[in-house]
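This report describes the fold of one protein chain, moving from the chain as a whole to its cores, its strands and a few individual residues. Please keep the sequence and the structure in view while reading.

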Amino acid sequence: MTAPSEELQPAVPYGTPDAPRIAVRGEARLEVDPEIARIGVSVASRGKDRRAALDDLTRRNTTVLDLVKTYGDAVERLETGAFSISPELKDKGRGERIHAYHGRVHITAVLTDFTALGELTTRLADLDLTRVDGPWWALRPDSSAHREARQQAVREAVQRAREYAEALGASLAALVELADIGAENAAPPYPQAPGGRMRSMAYGAAEDAAAAPLDLEPQRQHVHAQVNARFTMTPPQL
């Protein structure tokens, strides 16, 4: 067995006189154009009986889906979310007397063509009992902007450490550690940039003349990356 005095001891965090350590933080903040835009569409119906409300909801849902699909490759993803149909009870009178039925279905569409986005949101908002929320601008999780921010943060850490070493008449010798902020305690390395501010258009009714397409300006996305880096350097000239 290894004697206690011979057991490996933890590394000295401050290095040694012959190999001092430098600990720095590198940070990068980028502002880039969004890659995708997400909109939410809520289709509603109301009828005196359940079947009428359901039939109207089915028809309007199909109209929305068919309209979105006409934009082809501009639509990256189309998903149907929550669906509900519920009775509305009369305010007056005893018993469970139903006044009407309300139906609702939620649809999410993700677009990559922002020119088509303005036209589509306008056409959707022009439909009966249809609500459009958004757009929410965002980057894809695997966007190259995230990689560029991380690499820029590393380069900034190296440059900062080199400047410290040069101020002491020394130079960097080796990299000891490179880590995301919070990597030691499994915390997220840095907060993700928000997808974008929400804009909402209330229920619209179809008209004889088509509404002019909305002119939507994409919201710039902020990407942030931070790293901790530790280096050893040559003995300083003090």
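## Overall composition

Of the 238 residues of the protein chain, 34% count as buried. The structure is a predicted model, and every value given here is computed from it. The surface exposed by the protein chain comes to about 14800 Å², and carbon and sulfur atoms supply 51% of that area.

The protein chain contains three helices and eight strands. Read from the N terminus, these elements follow the order β-β-α-β-β-α-β-α-β-β-β. Contacts that are distant in sequence are prominent in the protein chain: among those between residues at least 6 apart, 82% join residues at least 24 apart.

## The nonpolar cores

The largest nonpolar core has 26 residues, of which Ile39, Val64, Leu117, Leu120 and Leu124 touch the most other members. Two or more residues of this core come from each of β2 (36-47), α1 (50-69), β4 (98-111), α2 (114-125) and β5 (130-138). The greatest contribution is that of α2, which gives six residues. In soluble globular proteins, nonpolar side chains tend to be buried together.

Ile39 illustrates how this core is connected. Leaving out residues up to four places away in sequence, Ile39 touches Ile107, Thr108, Ala109, Leu111, Leu117, Leu120, Thr121, Leu124, Asp133, Pro135 and Trp136. A second core, separate from the one just described, comprises 19 residues, among them Ile22, Val24, Val32 and Ala161.

## The three-stranded sheet and helix α3

Three strands form an open sheet in the order β1-β8-β6, with antiparallel pairing. The edges are taken by β1 (21-32) and β6 (172-180); each has a single partner strand, so one side of each is left without a neighbour in the sheet. From one strand to the next, the twist averages 30°.

The antiparallel pairing of β1 with β8 (residues 221-233) extends over 12 bridges. Within this pairing, Gly26 has Val227 of β8 as its bridge partner. Helix α3 (residues 144-167) packs on the sheet and touches β1, β6 and β8. The direction of α3 makes about 145° with that of β1.

Thr232 belongs to strand β8. Its relative accessible area is 15%, and Thr232 is therefore buried, since the limit for that class is under 20%. Apart from residues up to four places away in sequence, Thr232 touches Ala19, Pro20, Arg21, Leu172, Ala173, Ala174 and Val176.

## Strand β5 and its approach

Strand β5 is largely enclosed by the rest of the structure, because seven of its nine residues are buried. β5 is joined to β2 by seven bridges, and these two strands run antiparallel. One bridge partnership places Arg38 opposite Trp136 of β5.

Two backbone features deserve inspection in this region. The peptide bond from Gly134 to Pro135 is cis, with omega near 0°, and Pro135 is found in β5. Leu129, in the loop between α2 and β5, has a positive phi of about 45° although it is not a glycine. With a relative accessible area of 35%, Leu129 is partly exposed.

## His106 and its surroundings

His106 is located in strand β4. At 33% relative accessibility, His106 counts as partly exposed, because that value lies between the 20% limit for buried residues and the 50% limit for exposed ones.

Which residues surround His106, leaving aside its neighbours within four places in sequence? His106 is in contact with Val41, Ser42, Glu79, Thr80, Gly81 and Ala82. With Ser42 there is also a polar contact, made between the two side chains at 2.8 Å. Gly40 is 66 residues away from His106 along the chain, yet their C-alpha atoms are separated by 7.1 Å.

Conventions. Residues are numbered from 1 along each chain as its sequence is written. This is a predicted model: local features need pLDDT of at least 70, side-chain atom pairs count only at pLDDT 80 or more; totals for chains, interfaces and linings use all residues. Side-chain values use heavy atoms; hydrogens and water are left out. Helices (H or I, at least four residues) and strands (E, at least two) are DSSP runs, numbered from the N terminus. Buried means under 20% relative accessible area, exposed over 50%, partly exposed in between (1.4 Å probe, protein chains only). Contact means heavy atoms within 4.5 Å. Accessible areas come from the Shrake-Rupley method with a 1.4 Å probe; for residues, only the protein chains shown count as cover. A nonpolar core is a set of buried Ala, Val, Leu, Ile, Met, Phe, Trp, Tyr and Cys residues joined through side-chain atoms within 4.5 Å. Two strands pair if DSSP finds at least two bridges between them. Axes are lines fitted to C-alpha atoms, for helices over the stretch in contact, and angles run from 0 to 180 degrees between N-to-C directions. A polar contact is a pair of N or O atoms within 3.5 Å; within protein, one must be able to donate a hydrogen and the other to accept it, and residues adjacent in sequence count only if both atoms are side-chain atoms.
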